[in-house]
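Q: Could you take me on a close look at a single part of this model? I would like one connected walk through it, in plain terms.

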Amino acid sequence: MSRLLDVRNLSINHGKVEAVRNLDLHLDEGQIVSLIGPNGAGKTTLMAALIGLLPSTGEVSYAGQPLQAHHGVAQRIDKGMALVPESRELFGLMSVEDNLRLGAFSRHRQGHRDHQQTLDEVFALFPRMRERREQAACTLSGGERQMLAIGRALMAKPRLLMLDEPSLGLAPRVIGEIFDIFKTLRERGVSILLVEQNARAALKISDYGYVLEVGDIVLHGDATDLAQNPRVVESYLGRKSSSTATEAARATG
Ligand SMILES: Nc1ncnc2c1ncn2[C@@H]1O[C@H](COP(=O)(O)OP(=O)(O)O)[C@@H](O)[C@H]1O
Ligand SMILES: [Mg+2]
């Protein structure tokens with residue numbers, strides 16, 4: 001399997017705050033790799049740097065080529081990277097279908113004219129988006145909004161899909177539905193970097209995992225080994241995760 005993402009010695013600052021320190025992380029083509037860790041660990045900061053929204057020091061190689069500071073967000077998207085941010089950033093007053101079409105903008109600019117076919121593929125993955133294609137995005141439920149945000153990212157036909165806490169605020173049933181889609185995407189050759197506080201759900205579908213705490217990778221390994229690691233069980237799969245489940249149960253789907 002070839003290496004798709006190779007991050008070495010990456011450090012990222014917010015002004016004087018060092019949010020990520022000397023981080024090493026890699027992801028092979030066709031893998032789901034999860035990055036778990038508590039609030040404030042630096043997960044969102046890492047995603048922002050990888051997509052080109054924040055400057056960093058260190059080396060990032062993507063698809064065998066070094067990514068440079070001058071490679072901005074648009075260029076990274078053109079190279080096949082995509083980010084579904086925690087905020088989902090939908091256009092609330094626009095229809096579901098128009099939100100999806102916007103996701104194909106960068107491919108269209110590159111000269112591709114296959115967005116209708118991609119739209120059909122996204123509708124096949126998320127039949128509920130097809131049913132609601134004319135509805136304004138702001139009228140969707142939490143789970144449907146997340147599906148739309150993922151669908152919009154898929155319209156760019158990414159090779160590496162990065163997701164920042166896609167399960168946040170969603171009911172367990174909806175989380176299951178969305179995580180099943182990630183497995184389907186992996187079968188289709190999309191590689192996934194999954195940032196999650198829901199360690200149980202993330203490790204279950206992942207090939208490999210990293211634990212980030214206050215800017216440092218403190219553990220990493222095959223997802224099945226990590227899920228049995230006493231430290232992971234204690235901090236992320238024990239009582240804390242049942243409180244997460246309770247929160248999720250209270251949330252709307
Ligand atoms: N825009 C910002 N300015 C200053 N500090 C920030 C900013 N964004 C995040 N931080 C700090 O960086 C650290 C990592 O935050 P973040 O990447 O959001 O963590 P996570 O996504 O793991 O919860 C935290 O200490 C946070 O307070
Ligand atoms: Mg975050």
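A: Happy to help; here is a walk around R88, with a short stop at ligand 1 afterwards. Please keep in mind that this is a predicted model.

Let's start with where R88 sits: its place is the loop that runs between β6 (81–84) and α3 (96–102). The backbone there deserves a glance, as R88 has a phi near 70°, a positive value in a residue other than glycine. E89 lies in that loop between β6 and α3 too, and its phi is also positive, at about 45°, although E89 is not a glycine.

Now for the side chain of R88. Buried means under 20% relative accessible area, so R88, at 12%, counts as buried. Despite being buried, R88 has no salt bridge. The nearest side chain of opposite charge belongs to E86, and it is 7.5 Å away; a salt bridge would need the charged atoms within 4 Å.

What does R88 touch, leaving aside its neighbours within four places in sequence? Its contacts are G142, Q146, A149, R152, E165, P166, L168 and L170.

Finally, the stop at ligand 1. The residues around ligand 1 include H14, A19, P38 and N39, while helix α1 (residues 43–50) gives the most to this shell, with three residues. From K43, a polar side-chain atom lies 2.8 Å from an oxygen atom of ligand 1. A41 brings a backbone N or O atom 3.1 Å from an oxygen atom of the ligand, and a side-chain N or O atom of H14 is 3.3 Å from a ligand nitrogen atom. Taken alone, ligand 1 exposes 560 Å², and the protein buries 57% of that.

Technical notes:
Residues are numbered from 1 along each chain as its sequence is written. Chains are lettered from A and ligands numbered from 1 in the order in which they are written. This is a predicted model: local features need pLDDT of at least 70, side-chain atom pairs count only at pLDDT 80 or more; totals for chains, interfaces and linings use all residues. Side-chain values use heavy atoms; hydrogens and water are left out. Helices (H or I, at least four residues) and strands (E, at least two) are DSSP runs, numbered from the N terminus. Buried means under 20% relative accessible area, exposed over 50%, partly exposed in between (1.4 Å probe, protein chains only). Lys and Arg count as positive and Asp and Glu as negative; His and the chain ends are not counted. Contact means heavy atoms within 4.5 Å. A residue is near a molecule or strand if one of its heavy atoms lies within 4 Å of it. A polar contact is a pair of N or O atoms within 3.5 Å; within protein, one must be able to donate a hydrogen and the other to accept it, and residues adjacent in sequence count only if both atoms are side-chain atoms. Accessible areas come from the Shrake-Rupley method with a 1.4 Å probe; for residues, only the protein chains shown count as cover.
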